[in-house]
Amino acid sequence: MEKTSKMKMPDDSLLEPLKKDVRIQRFLKEHHKEESFLRDHASYFFMWQETLDTCKNCLGLAQCRQPLAGKVKTLAFNENGDLIQNFVSCKYQKKIDDAHGHMQYFRLMHMDPKDLEINLEDLADGQSMQYLLGYKSIYESLSDTKGIYLYGQPGVGKTYLCLGLANYYAKKKKSVSFVHVPTLISDLKQAMYDTDYRQRQMNALKFSEVVILDDIGAEAVSAWTRDEILLPILDHRMSHHKKTYFTSNYALEELEKQYILRGEANSKVSALRIMERIKALSTVCKLSGESRR
């Protein structure tokens, strides 16, 4: 934001392009300003006019010629009545801003920014009956206390469907964490000695109102990842009745085998502890259909 300074124009002929500009005429009329105001602030009106002309006939952000893509210079008045310059989003950027406004409700987000534009309500259009059965389970879970364990072959759309689900909850102003489990585990391993970082990540997953654990079972499983990372998160969410969703390539009985570590004493018991919590937190649903990849 910049406050304007007055600048006398030595030659009145230089004001003619401003006087004839209907956009500037409209601005002066709306704010009850005389021609003398235009003269005193001519330099800023010239800048504004240049911005408006640069945006003329623009068809989208890909064609944006502004110094800051999607941002345009405007003139307004502050609380003291001084003319000021603002940078605001153009109509194309504003559309994106509006579509991404719910991002503030994500505590952890393993998502591409474009994923924020996926709408759950649109994902049923033109889909197969097999897909619609899974979609129906996801949609019905919105009013249920439990989440969904959504499993199926790679590429059938499990993650995409849950991205729409995450956006739905965030738009309802629920705190959401959407994490790709293999990425989460990899990040935590790299920061194994950064206890503050690990605690922040785990707290987000414990306390978010909605958590979606994407691709569970595909991570590099160890006793540490199973018992020190996943178990405390799932245990807390189960005991506090927190809405939790899962996607996986594995049916539950297959997932259990993933958490049984060869050569580890009591490994089956440890795996069962994980499975009990997943079952308590979610209803099982298979998503079938052709691969979309």
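These legends describe close-up views of salt bridges and one helix packing in a predicted model.

**View 1. Salt bridges across the whole structure.** A search of the entire model returns 13 salt bridges. The views below pick out some of them, together with the packing of H2 and H4.

**View 2. Arginine 23 and aspartate 53 form a salt bridge between helices H2 and H4.** The two side chains meet at 2.8 Å, N to O. Arginine 23 belongs to H2, residues 22-30, and aspartate 53 to H4, residues 42-55, so the pair ties together parts 30 residues apart in sequence. Aspartate 53 has 35% relative accessibility and counts as partly exposed.

**View 3. Helices H2 and H4 pack at an oblique angle.** The angle is about 125°, and the axes lie 10 Å apart. That angle falls outside the roughly perpendicular range of 65 to 115 degrees and is not over 145, so it counts as oblique. The crossing of H2 and H4 is right-handed. From H2 come Arg23, Ile24, Phe27 and Leu28. They meet Phe45, Trp48, Gln49, Leu52 and Asp53 of H4. By class, this contact of H2 with H4 has 6 nonpolar, 1 polar and 2 charged residues. Arg23 and Asp53, the salt-bridge partners of View 2, are both in the contact list.

**View 4. Aspartate 235 and arginine 277 form a salt bridge between helices H10 and H12.** Their side chains meet at 3.0 Å, N to O. The pair links distant parts of the chain, 42 residues apart. Aspartate 235 sits in H10, residues 223-239. Arginine 277 sits in H12, residues 267-281. Aspartate 235 is partly exposed, at 30% relative accessibility. Arginine 277, at 13%, counts as buried, because the cut-off for buried is under 20%.

**View 5. Glutamate 256 and lysine 268 form a salt bridge between helices H11 and H12.** The side chains meet at 3.1 Å, N to O. Glutamate 256 lies in H11, residues 252-258, and lysine 268 in H12. The two residues are 12 apart in the chain. Glutamate 256 is buried, with a relative accessible area of 14%. Lysine 268 is partly exposed, at 48% relative accessibility. That value still counts as partly exposed because exposed means over 50%.

**View 6. Four charged residues are linked in a salt-bridge network.** The members are Glu16, Lys19, Glu35 and Arg39.

Key
Residues numbered from 1 in each chain as written. Predicted model: local features only at pLDDT ≥ 70, side-chain atom pairs only at ≥ 80, totals over all residues. Heavy atoms only, no water. Helix = DSSP H or I, 4+ residues; strand = E, 2+ residues; numbered from the N terminus. Buried < 20%, exposed > 50% of the residue type's maximum accessible area, 1.4 Å probe, protein only. Axes fitted to C-alpha atoms, helices over the stretch in contact; angles between N-to-C directions. Parallel < 35°, antiparallel > 145°, perpendicular 65-115°, else oblique. Left-handed = near helix turned anticlockwise from the far one by under 90°. Contact = heavy atoms within 4.5 Å.
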